[in-house]
Amino acid sequence: MGPRSNDSAQTPAAAAVAAVLQAMGPKQANEMLESAKLEVIRRGLDKEPPNLGDQLLKREAVDPKLRIALEELRKEGVRDDDIRWWWNLPPLERLLIERTDEMMRASSFIAFLRQGKEPAQAAKAAFQAHAKFGNPQEGRDDDRPLPIELKRRIWAYTEKHYAKPDELRLKMQQSSSFNALLRAEMRNSIL
């Protein structure tokens with residue numbers, strides 16, 4: 001994979017991935033990185049052109065299937081700058097973000113189990129504390145997965161609450177899941 005032209009080194013994405021890799025220790029971080037590199041190649045993501053997000057938005061005008069897919073994302077609150085941001089990231093960075101996100105949810109789940117919660121309760125608590133990304137068509141109501149393209153805005157939303165963590169905690173407790181909270185905040189133009 002050659003260099004890509006974007007400023008991802010300055011994004012919350014790069015900072016979050018770097019923080020998790022640093023916290024893991026060198027051996028485990030290197031294993032995760034090497035595994036992710038192999039996954040990028042296995043999935044053919046290393047063949048993606050740079051600035052894929054820009055290209056997707058341009059191709060939308062002439063590709064009916066792509067237009068439908070992007071319209072579905074927009075129905076979920078995704079904006080063009082979200083599409084551009086996510087898909088312009090290098091594939092390795094996108095994959096590491098996804099894996100980091102999975103690790104955060106899994107860590108939460110394990111922590112809730114250690115607090116004595118049953119697995120079903122621990123899973124519910126983990127999804128009350130962390131967004132679940134995936135295909136929004138899989139599920140119903142506001143608890144269904146969110147498009148990953150919203151990740152940067154969700155980071156910004158949670159960072160905005162660092163000064164008032166109790167406010168966010170209360171909102172989370174009043175919602176059936178973090179996804180439901182985020183969808184409500186999007187409907188209220190807060191996210």
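Among contacts in the chain between residues at least 6 apart in sequence, 68% join residues at least 24 apart. The model is a predicted one, and the exercises below let you work through how its helices and loops come together.

## Exercise 1: Overall make-up

Task: Work out which secondary structure elements the chain holds, and what percentage of its residues is buried.

Solution.
- Step 1. Start with the elements: the chain has 10 helices and zero strands. Read from the N terminus, the order is α-α-α-α-α-α-α-α-α-α.
- Step 2. Turn to burial. Of the 191 residues in the chain, 43% are buried, where buried stands for under 20% relative accessible area.
- Step 3. Finish with the surface. The accessible surface is about 11100 Å², and carbon and sulfur atoms account for 55% of that.

## Exercise 2: H6 against H7

Task: Describe how helix H6 and helix H7 pack, and say which residues meet.

Solution.
- Step 1. Two packed helices are described by the angle between their axes and the distance between the axes. For H6 (residues 91-114) and H7 (residues 119-129), the angle is about 135 degrees and the axes are 8 Å apart.
- Step 2. Classify the angle: H6 is therefore oblique to H7, since roughly antiparallel would need an angle over 145 degrees.
- Step 3. Add the handedness, which is right-handed for the crossing of H6 and H7.
- Step 4. List the partners. H6 brings Arg-105, Ser-108, Phe-109, Phe-112 and Leu-113, and these meet Pro-119, Ala-122, Ala-123, Ala-125, Ala-126 and Phe-127 of H7.
- Step 5. Sort them by character: nine residues of this contact are nonpolar, one is polar and one is charged.

## Exercise 3: H8 against H10

Task: Repeat the analysis for helix H8 and helix H10, giving the angle between them and the residues in contact.

Solution.
- Step 1. H8 (residues 151-160) and H10 (residues 178-187) have axes 12 Å apart, at an angle of about 90 degrees.
- Step 2. With that angle, H8 is roughly perpendicular to H10.
- Step 3. On the H8 side the contact uses Arg-153, Ile-154, Tyr-157 and Thr-158, while H10 contributes Phe-178, Leu-181, Leu-182, Glu-185 and Met-186.
- Step 4. By character, this contact of H8 with H10 holds six nonpolar residues, one polar and two charged.

## Exercise 4: The setting of H10

Task: Find out how many residues of H10 are buried, and which helices they pack against.

Solution.
- Step 1. Count first: eight of the 10 residues of H10 are buried, so the helix is largely enclosed by the rest of the structure.
- Step 2. Name them: Phe-178, Asn-179, Ala-180, Leu-181, Leu-182, Arg-183, Glu-185 and Met-186.
- Step 3. Look for their neighbours. These buried residues of H10 pack against H7, H8 and helix H9 (165-173).

## Exercise 5: Glu-76 and Met-186

Task: Decide whether Glu-76 and Met-186 are buried or exposed, and trace what each one touches.

Solution.
- Step 1. Place Glu-76 in the loop between helix H4 (64-75) and helix H5 (80-88). Its relative accessible area is 13%, so Glu-76 is buried.
- Step 2. Setting aside residues up to four places away in sequence, Glu-76 touches Pro-136, Arg-144, Pro-147, Leu-150, Arg-183 and Met-186. Pro-136 is 60 residues away along the chain, with a C-alpha separation of 7.8 Å from Glu-76.
- Step 3. Move to Met-186, in helix H10. At a relative accessible area of 15%, Met-186 is buried.
- Step 4. Beyond its neighbours within four places, Met-186 contacts Glu-76, Gly-77, Leu-146, Leu-150, Arg-153 and Leu-191. Between Met-186 and Gly-77, 109 residues apart in sequence, the C-alpha distance is 6.9 Å.

## Exercise 6: Loop residues

Task: Locate Asn-51, Asp-141 and Lys-47, and assign each an exposure class.

Solution.
- Step 1. Most residues other than glycine have a negative phi. Asn-51 has a positive phi, near 55 degrees, and Asp-141 has a positive phi near 60 degrees.
- Step 2. Asn-51 sits in the loop between helix H2 (26-42) and helix H3 (52-59). Its relative accessibility of 22% makes Asn-51 partly exposed.
- Step 3. Asp-141 belongs to the loop between H7 and H8, and at 47% relative accessibility Asp-141 is partly exposed.
- Step 4. Lys-47 lies in the loop between H2 and H3. With a relative accessible area of 67%, Lys-47 is exposed.
- Step 5. Check its spacing: Lys-47 and Pro-91 are 44 residues apart in sequence, and their C-alpha atoms are 9.4 Å apart.

Conventions
Residues numbered from 1 in each chain as written. Predicted model: local features only at pLDDT ≥ 70, side-chain atom pairs only at ≥ 80, totals over all residues. Heavy atoms only, no water. Helix = DSSP H or I, 4+ residues; strand = E, 2+ residues; numbered from the N terminus. Buried < 20%, exposed > 50% of the residue type's maximum accessible area, 1.4 Å probe, protein only. Contact = heavy atoms within 4.5 Å. Areas by Shrake-Rupley, 256 points an atom, 1.4 Å probe, with all protein chains shown as cover. Axes fitted to C-alpha atoms, helices over the stretch in contact; angles between N-to-C directions. Parallel < 35°, antiparallel > 145°, perpendicular 65-115°, else oblique. Nonpolar A, V, L, I, M, F, W, Y, C, P; charged D, E, K, R; others polar. Left-handed = near helix turned anticlockwise from the far one by under 90°.
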